[in-house]
Amino acid sequence: MSKLSNVWVFSDIAARLPETITGGRALGEKVSAFIIGSEADIATAYSYGASHVYYLGNKADTQMIEDFATTMSQAIKDGEKPALMLLPATKRCKALAAKLSVQLEAGLINDATEVTLDDGVVAKHMVYGGLAIGTERISSTVALVTLASGAFEPQAADTSLTGEGVSLPFVAPKQAITCIERRVKQGNSVDLGKAKRVIAVGSGIGSLDNLALAGELAATFQPNSAALALSPRQRSGWSASVMWACRV
């Protein structure tokens, strides 16, 4: 199997959409992107290489990403087969993928670090808590894969690539979770999902002054790229866990 005729993609986080589309282009002749957001996001999807964009509108504050599963599954059912859908391995996309897997009777692999085609969709992902790499094949007509960060290197946007979005009417789920309130999460600003290396320091380092040693170590991987993230856990007046995340 050289390439699939079509690969569906979706990302709930704008920053993860480029690599997801890149993965779709590597595995499919065409890439069909689901977009939830503003109409400007349609142009963004095309600029990264989407062949078709299906626009699901804006998400209301009371809605969850998973509420769009039925809308997406109906479009996939009506599309070409065999089919593959790629999503980033975020919390919301994993929940969405689980619902799609049931509705489409599709095999699902989470946190894939590599995806290829060989008599079906073949994906590698960590098993046994990261002690080994497992290789699995999905043989169902529709396959779903959530991608670990870095599974595909995102390509640069090309603004000369344009197109129109096809609006899909929202199909409400039979049962839905209603969001009644949102609160800003207090925490660090480091995206560890994008890090190639993470240096974690526990309370055994002795004192806050010694944390600079970990920062110096992080800088040796790639100068000026170290970022500091403090965990919410506090012990003896200072953070019990400090992490520097570096893209190398």
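Residues 223-248 come first: pLDDT stays under 50 over this stretch of the predicted model, although the model has 74 contacts there beyond four places in sequence. Where pLDDT is low, the predicted coordinates should not be read in detail. I shall therefore not interpret those contacts, given that pLDDT under 50. For the protein chain, the average pLDDT is 86, and 85% of the residues score at least 70.

I turn now to strand β2, residues 31-35. Is this strand buried or exposed? Five of its five residues are buried, so β2 is largely enclosed by the rest of the structure. As to the side chains, V31, A33 and I35 point one way from the strand, while S32 and F34 point the other way. The residues on both sides are buried.

Which strands pair with β2? One is β1, residues 7-9, which runs parallel to β2 and is joined to it by three bridges. In this pairing, V9 stands opposite A33 of β2. Another is β3, residues 52-55, which also runs parallel to β2, with four bridges between them. Here F34 of β2 stands opposite Y54 of β3.

Next, the connections. Helix α1, residues 17-27, belongs with β1 and β2 to a β-α-β unit, and this unit is right-handed. Helix α2, residues 40-47, forms a right-handed β-α-β unit with β2 and β3. Strand β2 thus takes part in the unit with α1 and in the unit with α2.

To close, I return to the strand itself: β2 is joined by bridges to β1 and to β3, and its five residues are buried.

Methods:
Residues are numbered from 1 along each chain as its sequence is written. This is a predicted model: local features need pLDDT of at least 70, side-chain atom pairs count only at pLDDT 80 or more; totals for chains, interfaces and linings use all residues. Side-chain values use heavy atoms; hydrogens and water are left out. Buried means under 20% relative accessible area, exposed over 50%, partly exposed in between (1.4 Å probe, protein chains only). Helices (H or I, at least four residues) and strands (E, at least two) are DSSP runs, numbered from the N terminus. Two strands pair if DSSP finds at least two bridges between them. A crossover is right-handed if, with the strands pointing away from the viewer, the path from the first strand over the helix to the second runs clockwise. pLDDT is the predictor's confidence in each residue, from 0 to 100. Contact means heavy atoms within 4.5 Å.
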